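Me: Hi! I'd like to walk through this structure with you, one question at a time. Ready to look at it together?

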Amino acid sequence: MLTLRALNGGYGQAAVVRDVNTEIGDGEIVALVGRNGMGKTTLLRTIFGLADRQGGEITFDGRPVPPKRPDVLARWGASLMPEDRGVFPALTVEENLTLATRKSFRPVVDPREVFPLLTERRRQLAGTLSGGQKQQLGIARALLAGQRLIVVDELTQGLQPSIVRDVVDALGQVAATGVAVLVVDQHPDQALDWCHRVLVMESGRLALDAPIGIDTRQRCHELLMLR
Ligand SMILES: Nc1ncnc2c1ncn2[C@@H]1O[C@H](COP(=O)(O)OP(=O)(O)OP(=O)(O)O)[C@@H](O)[C@H]1O
């Protein structure tokens with residue numbers, strides 16, 4: 001579904017993402033991990049046309065994705081929750097959810113059931129929510145808009161463990177219907193427990209791209225120096 005070929009990206013003259021090649025299939029849940037500053041966010045931004053594509057190709061369901069056109073991927077059913085959560089602070093919670101809703105698509109998991117708080121606070125301005133509450137709203141928006149692909153930068157940022165479990169469960173249910181999921185997680189150790197495949201970024205390149213298994217875990221630990 002999403003294919004990256006020899007992808008380079010960054011900001012103006014600054015090259016950050018270098019020669020990334022990978023493919024994410026229907027229903028696959030992929031974790032993108034790496035130490036701080038290794039280029040995870042820039043890779044996501046390059047895919048979505050929010051950073052400069054400096055070379056390479058991106059295809060989505062076989063169609064070439066033009067650079068600098070976030071609207072195209074959105075129209076094709078891909079959603080991104082960026083690191084800053086991407087909520088509209090001057091709109092209410094409900095308005096934020098309505099804006100993310102697609103006319104012809106209802107996700108298999110209702111984000112309002114995953115995050116009851118969003119119903120309780122539906123009339124509150126999103127800018128007045130706490131960090132963890134904004135995170136729930138951002139993920140809910142990504143679930144509503146992600147008909148084919150859901151991408152979340154820093155999935156567990158600010159979330160209590162019980163909510164993380166609900167989110168992971170929801171993403172699993174969504175993926176079971178064929179939606180692909182790509183998440184950056186600041187707790188790679190946890191992500192390895194529930195993702196199907198892991199991408200490890202080092203200095204803008206993919207140092208590892210492998211299904212989760214005993215060898216993968218060990219290699220990941222070495223690359224991330226978790227032990
Ligand atoms: N707007 C920008 N202009 C120039 N360089 C940038 C910009 N944003 C990020 N960078 C640089 O790109 C590199 C990769 O940053 P990026 O945020 O993609 O890494 P990351 O792996 O997501 O890190 P973190 O886990 O800390 O968010 C860093 O060296 C960073 O300083």
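Me: Which element gives the most to the shell around the ligand?

Reply: Happy to help, and keep in mind that this is a predicted model. The residues surrounding the ligand include Y11, V16, K40 and T41. Two elements, β2 (14–24) and α1 (40–47), each supply at least two residues of that shell. The one that gives the most, with three residues, is α1.

Me: Nice! How many residues of the shell around the ligand are charged?

Reply: Let's divide the shell by residue type. Four of its residues are nonpolar and six are polar. The number that are charged is one.

Me: Is S162 buried or exposed?

Reply: S162 lies in helix α7 (residues 161–176). Counting neighbours, we find 7 other C-beta atoms within 10 Å of S162. A residue with 12 or fewer belongs to one class, so S162 is exposed.

Me: And helix α6, how many of its 15 residues are buried?

Reply: Helix α6 covers residues 131–145 and reaches 21 Å from its first C-alpha to its last. The helix is largely enclosed by the rest of the structure, because the number of buried residues is 13.

Me: Which residue in β8 stands opposite L149?

Reply: L149 is on one side of strand β7 (residues 149–152) together with V151, and both are buried. β7 pairs with strand β8 (residues 180–184) in the parallel sense, over four bridges. Across from L149 in β8 stands A180.

Me: What is the handedness of the crossover from β7 to β8?

Reply: Follow the chain from β7 through α7 to β8. This path is a β-α-β crossover, and it is right-handed.

Notes:
Residues are numbered from 1 along each chain as its sequence is written. This is a predicted model: local features need pLDDT of at least 70, side-chain atom pairs count only at pLDDT 80 or more; totals for chains, interfaces and linings use all residues. A residue is near a molecule or strand if its C-beta atom, placed from the backbone, lies within 6 Å of it. Ala, Val, Leu, Ile, Met, Phe, Trp, Tyr, Cys and Pro count as nonpolar, Asp, Glu, Lys and Arg as charged, and the others, Gly among them, as polar. The expected span of a helix is 1.5 Å times one less than its number of residues. A residue is buried if 20 or more other C-beta atoms lie within 10 Å of its own, exposed if 12 or fewer, and partly exposed in between; C-beta atoms are placed from the backbone. Two strands pair if DSSP finds at least two bridges between them. A crossover is right-handed if, with the strands pointing away from the viewer, the path from the first strand over the helix to the second runs clockwise.
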